[in-house]
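This report examines selected local features of one protein model. It proceeds from a strand pairing to the sheet, the cores, a loop residue and a helix.

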Amino acid sequence: MDTIRDAVEKALQKCDVCMAGNIISRERLLRAYSDFVLSTMEKEKHNVGMILHTGSACFDVLLIVCAALSNILYNQTATDDVIASLTPGDKVLYYSGKEKTRAQRYTFCGFVNSYDDPPSDKIGELILLDQGKNGKTYLMKKNWSGIVPYFGESASLDGKGIRKENGKRKSFFCDVLGMKDSEIPRTIDTSTVVVMSKEDADNILNRLTFWFSNMKVGLTELVPISYYTDADQEYPYGNNPAKTEPVIKITGKVSVARSLLLDRSGNRNIGLMVLGDEAVRRGESELPELIERKSLQYVYLSMPIGSESSEKMVDCYSSAAVFACTKDFLLCNYVNAAISNQETDILNAQIDAIIDKEITTIVLPSLINWETYKEFKNAMYFIKSEEYSTDKKDEFIIHAYSLMKLFMTAAFSIRYMEKLIDDSELENVIKPDERLTQITEYSHTFPDCLKSKAETIINILEIAYLSFFDKNPKEKALKELLEKTSATYIAIVVPKAYYIKLMQRVLSEDEKLCNRDWRIDIVTANRFDNSNMYDLIIAIGNITGNRFDILRCQASKNITAILYEAEKHQFHRNEKRFKSVEHMLNQRSAIHVDDDYENESSDVDESEIATVEKIDDELSEYFDSVAIKAVRNSADYASRRNVADIVAVAKFDTDEVAFFTKNYKAYVLDDLEHTIKEVPADSIVEGDTIVFTRSNSRTRDIVEKLLRDMITNNLVSDNVKVAYKQSRRWKTVLIDYMNNTGSTPVEIANQMIKNGVTVQEHTIKSWLDEEAHTVRPKKLDSIQQIALIAGDEDLFDHAEECFAAGGVIYKIRRQILTAIGQTILGEITGNDEQLNPITATIADRIKESAVVVQVESISFVNDTVPLNSINRPISID
């Protein structure tokens, strides 16, 4: 009998795996990859694999294909097992006819040995199925394989709503998997849990097909697949008429994956796959427990080789099998494309970007040389480390650090920057000369032990300010590079969002550059899109972010870093570290790779560079603690009045921060779906773009503000106006009752539980918290219980209307979220195409109301801050 590996390999030789009709499975690299997956999937009782690919979706496609086919072949449920599991009275589907492609619902009555026998639960010669008024059906044993338990909610005994199968599923199982008719499973007793974003799942499953015997069949036609937002909230892909347990269970959260894996009812979970850098990063704390679960046959973590998490994951699991698309590996395992199409062209462009990538450094002289830069960092560390602690010391460190970062990475003159600030073209940005004045004033309050170091820092910053005031060497080098290049698609990577407008203005005002036929994307490192393929990428400093690392980047073959001499040493140290990691990956590779790694020497003392990096790391941690400390200087906080518990501190690209509470849901821009997602505070990540309402608005919820504005200005129907008023009634009644009686959320929850409604204390809290954006409870009986507890007969009598009104307002809110997403993306991309009818109506109001910021960093805490500082961007400066 074939092993699972042999059986799947034979299957893949008999069909082509396609994405949107493009064949991908014939590529040599992808065949080597499939072989890696299949060879490691059942090598031991518990197998862990680390996959660091080029960034192409093809890798995740084939991983899911291998998971689906292995589940089919691991399946131990035979027809006899299915029949033995049935109890008289169970609902079943019966697939009738020669091809068994048409199904209807029946009630399983039991077994008989002849048509005259009463049904029994003991196995006999015939099975009796009852279809009510449509009569009874007796089945001989040869037809029992057409019976499937029905787990749906329909009570009708007929075939309504069940589509006739086209026969392709049966053909695939027979022609590709080599099964007999009687061996084709209708239920499969194993599952694989996959963690990936909903967008990536949709992209794959809506386009993934198999071609064989002049036929095309989708993966969702072969096995049931569902997406889970929570462990009990399932959204099926494709058709699953019997509502059987999914074979592939997909979720965007590792926490949900954990719940699915721990569920001991139903299918045996044989595998876990975590796909994408973001999924790995978000689940970093929970993954170790799941990866080490010995009950899982296989665990795979898959991400682009340029991912921030890749090195850490490989390091953490020393026994894991590794498939890494390093330059040396690709040179050994890559030949020209077997078939050229949209998918393979992207794959091959990524491969070329790794193999042929050239990183060029332009090193510029500066008055801030390495010795001066070290002196500045050491002085900063000295002041930070002293026990002397005041707000002015904290602000000195923040301003001084920001100024040095500006001077090292700006590709524009300080004069030009300050002019745009004076002209109000740059918002929420402090002029460098004002910052210098501020830190000088702060230093006058320092004790003698700090004054010397503070003076050193100020002198260095003043020298930098004056040297970059009229002319900037990086601006000149950037323009010269652009003048010489023949590239037509270019990315310029900058550290801050406000640099984008500055750089656009600088380039547009240059006569030699403004009329060139090219596209230039100016992006921050945290918003860099690695799925693009650029002709040239230019980093205007030693810049890294969650989505961009110049050494790992695979979005171009040609990358240039414009550096000052002070940046050069850290950059070269990073280069050495990168080569060392590549060598480690080659050594760990499951497929043998030869490389010529040599440890290069440095022209400066390595310990000096390490010290500067350590200082930067400690200063970053210091800034997080300073942010919370800075907002506590209020009378309310001192008296512990009007304070709130927070779970996260985010720093934005505007240098502002936000303190998020537990129930807060942020409006996060989804540029793939052209809409806004509501994301809980604990799921916000670096790089997310969040939409707030302007701070001068009394309503912090931008959707609520826009909705009220639409109602006030008669931009919605009378039905919506009435629904808005009705939808808020249940919450008003609950709040009034709790205020009048002094009831707590736990007391309300206990009363509802006594009355038979299951609800948790945190649910009540989220209903009351306006930051959670709860329009209505999930179930009608919750509103009825609120009415009963509060003694509001009118609310009880109109509970259904109130619940329905909540549905109307929920729908309007979703439309407003889409309108916000389209409007903001139109502003960012310059494409004002309005896809949503509401967008045209309220676009100007959105632009007036919205503040858009990007998360540079986020840390999760358990702390308290003043109530007036939560869930909005605030300046700590």
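Which residue of β8 is the bridge partner of V92? In this predicted model, the partner of V92 in β8 is P149.

**The open sheet**

The V92 bridge belongs to the pairing of β4 with β8, two strands that run antiparallel and are joined by three bridges. Strand β4 (residues 91–96) is also joined to β5 (residues 102–112), again antiparallel, through six bridges. In that pairing, S96 has R102 of β5 as its bridge partner. The pairings are set out below.

| Strand pair | Bridges | Direction | Example of bridge partners |
|---|---|---|---|
| β4 and β5 | six | antiparallel | S96 and R102 |
| β4 and β8 | three | antiparallel | V92 and P149 |

Both pairings are part of an open sheet of five strands, ordered β7-β6-β5-β4-β8, with antiparallel pairing. The edges are occupied by β7 (136–140) and β8 (147–149); each has a single partner strand, so one side of each lacks a neighbour in the sheet. From one strand to the next, the twist averages 45°.

**Nonpolar cores**

The largest nonpolar core comprises 102 residues, and F172, I250, L272 and L301 have the most contacts inside it. Helix α3 (residues 58–74) gives the most to this core, contributing 13 residues. A second core, separate from this one, has 92 residues, among them F376, Y401, L513 and Y564. Beyond residues up to four places away in sequence, I250 touches V194, M196, A201, L205, I225, S226, Y227, Y228 and Y237.

**Residue S56**

The loop between β3 (47–53) and α3 contains S56. Is S56 buried or exposed? Its relative accessibility is 3%, and residues under 20% are classed as buried, so S56 counts as buried. When neighbours within four places in sequence are set aside, S56 is in contact with L347 and Q350.

**Helix α19**

Helix α19 (residues 473–484) consists of twelve residues. The distance from its first C-alpha to its last is 17 Å, close to the 16 Å expected at 1.5 Å a residue. At the start of α19, a side-chain oxygen of N472 comes to within 2.8 Å of the backbone nitrogen of K474. K474 is itself one of the buried residues of α19, which also include E475, A477, L478, K479, L481 and L482. An α-helix has 3.6 residues a turn, so residues three or four places apart point the same way.

Note on methods. Residues are numbered from 1 along each chain as its sequence is written. This is a predicted model: local features need pLDDT of at least 70, side-chain atom pairs count only at pLDDT 80 or more; totals for chains, interfaces and linings use all residues. Side-chain values use heavy atoms; hydrogens and water are left out. Helices (H or I, at least four residues) and strands (E, at least two) are DSSP runs, numbered from the N terminus. The expected span of a helix is 1.5 Å times one less than its number of residues. Buried means under 20% relative accessible area, exposed over 50%, partly exposed in between (1.4 Å probe, protein chains only). A polar contact is a pair of N or O atoms within 3.5 Å; within protein, one must be able to donate a hydrogen and the other to accept it, and residues adjacent in sequence count only if both atoms are side-chain atoms. A nonpolar core is a set of buried Ala, Val, Leu, Ile, Met, Phe, Trp, Tyr and Cys residues joined through side-chain atoms within 4.5 Å. Contact means heavy atoms within 4.5 Å. Two strands pair if DSSP finds at least two bridges between them. Axes are lines fitted to C-alpha atoms, for helices over the stretch in contact, and angles run from 0 to 180 degrees between N-to-C directions.
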